[in-house]
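I'm opening a fresh page for a structure I haven't looked at before. Here is the entry I'm working from.

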Amino acid sequence: GRTCAKLYSRVSPRSLAGAVFLGLVLLILALEGAGGLLVAAPALLLGLVPPLAGVKRVHLMGAILLPVVIRLLVGG
């Protein structure tokens, strides 16, 4: 934990967020291809709405759960 805390204190939050975002995009591309990005883009936009509307993000869990359920039902 201390090692992570020291590393975190040296890295700017903006660059850390950028690295995490880039990592997620690369994982989506590697695991799901362009279709995964087509699902992730609207989910990202939906995730930006609640803070602007003053509500909690838990109401948008369908943006994550619906694609997962569809994929499980289709058997992909």
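Below are my notes, in the order I looked things up.

**Confidence.** I started by reminding myself that this is a predicted model. I looked up the pLDDT and got an average of 87 for the protein, with 97% of the residues scoring at least 70. Then I checked where confidence is lowest and where it is highest. The low end is helix α4, residues 62-74, with a mean of 84. The high end is α2, at 94.

**Fold.** Next I asked myself how many helices and strands there are. I found four helices and zero strands. Going along the sequence, I wrote the pattern down as α-α-α-α.

**Overall shape.** I looked up the radius of gyration and noted 16 Å for the protein, whereas a compact globule of 76 residues would come out near 11 Å. I also took the box filled by the C-alpha atoms, which is roughly 45 × 35 × 20 Å along the principal axes.

**Surface.** I wanted to know what share of the 76 residues is buried. My note says 4%. For the exposed area I wrote about 6500 Å², and carbon and sulfur atoms supply 75% of that.

**A pocket.** I then turned to the second largest pocket, and its volume is about 220 Å³. Which residues line it? I listed F21, L24, V25 and I28, then L37, A40, A41 and L44. I checked which helices these come from, and both α2 (13-32) and α3 (34-53) supply at least two residues of the lining. Sorting the lining by class, I counted eight nonpolar residues, no polar ones and no charged ones.

**Looking back.** I put one link in the margin: α2, which helps line this pocket, is also where confidence is highest.

Notes: Residues are numbered from 1 along each chain as its sequence is written. This is a predicted model: local features need pLDDT of at least 70, side-chain atom pairs count only at pLDDT 80 or more; totals for chains, interfaces and linings use all residues. Side-chain values use heavy atoms; hydrogens and water are left out. On a 1 Å grid over the protein atoms alone, a cavity is a set of points where a 1.4 Å probe fits but cannot get out, and a pocket is an open set with protein on both sides within 12 Å along at least five of seven lines; lining residues have an atom within 4 Å of a point. Grid points are joined across faces, edges and corners, and a volume is the space filled by probe spheres set on the points. Ala, Val, Leu, Ile, Met, Phe, Trp, Tyr, Cys and Pro count as nonpolar, Asp, Glu, Lys and Arg as charged, and the others, Gly among them, as polar. pLDDT is the predictor's confidence in each residue, from 0 to 100. The radius of gyration is taken over C-alpha atoms; the globule rule is 2.2 Å times the number of residues to the power 0.38. Buried means under 20% relative accessible area, exposed over 50%, partly exposed in between (1.4 Å probe, protein chains only). Accessible areas come from the Shrake-Rupley method with a 1.4 Å probe; for residues, only the protein chains shown count as cover.
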